[in-house]
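Q: Please take a close look at one part of this chain and describe how that part sits within the whole.

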Amino acid sequence: MDLPTEGELWTWTTQSVRPPSPPYAGAESAEDFSPYLVGYVAFESGVCVEGRLAEVEPGGVRIGDRMHIVPVEYSTDSQGAPLSTFAFAPTSAEVTR
């Protein structure tokens, strides 16, 4: 089943502690870890997908916001090439609240 590229933010939180590795593949140490937002985005089919939230600050996102899928770089591999994953970003440029 293919998922649409846009949905509605169902809930979100801040990931403030570095996740265990594996499966987390970030290069930073626990001391260097920068918190990031994580949310569940609900699609019209009823499926909810968890992912990072990009292009927003904690005060700049609200449950119910329309979100779309974007690629984000989170680290580099052993040769220095960027590693990417998906994230969700607000569909509207008017999200700064």
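A: What follows concentrates on strand β3 and its surroundings.

The model is predicted, so that local features need pLDDT of at least 70 and side-chain atom pairs count only at pLDDT 80 or more, while totals for chains, interfaces and linings use all residues. Residues are numbered from 1 along each chain as its sequence is written, and side-chain values use heavy atoms, with hydrogens and water left out.

The chain has five strands and zero helices, where strands (E, at least two residues) and helices (H or I, at least four) are DSSP runs numbered from the N terminus. The five strands close into a barrel of mixed pairing, in the order β1-β2-β3-β5-β4; two strands pair if DSSP finds at least two bridges between them. Strand β3, residues 48-53, runs parallel to β5, residues 82-90, and two bridges join them.

Within this pairing, L53 stands opposite F88 in β5. Leaving aside neighbours within four places in sequence, L53 is in contact (heavy atoms within 4.5 Å) with L9, W12, L37, V38, G39, V61, M67 and F88.

Both L53 and F88 belong to the largest nonpolar core, which has 10 residues, the others being L9, L37, V41, F43, V49, V56, V61 and M67. Such a core is a set of buried Ala, Val, Leu, Ile, Met, Phe, Trp, Tyr and Cys residues joined through side-chain atoms within 4.5 Å, and buried means under 20% relative accessible area with a 1.4 Å probe, protein chains only. Strands β2 (36-42) and β3 are the elements that give two or more residues to this core. A second, separate core of five residues includes A54, V70, A87 and A89.

Definitions and conventions
Buried < 20%, exposed > 50% of the residue type's maximum accessible area, 1.4 Å probe, protein only.
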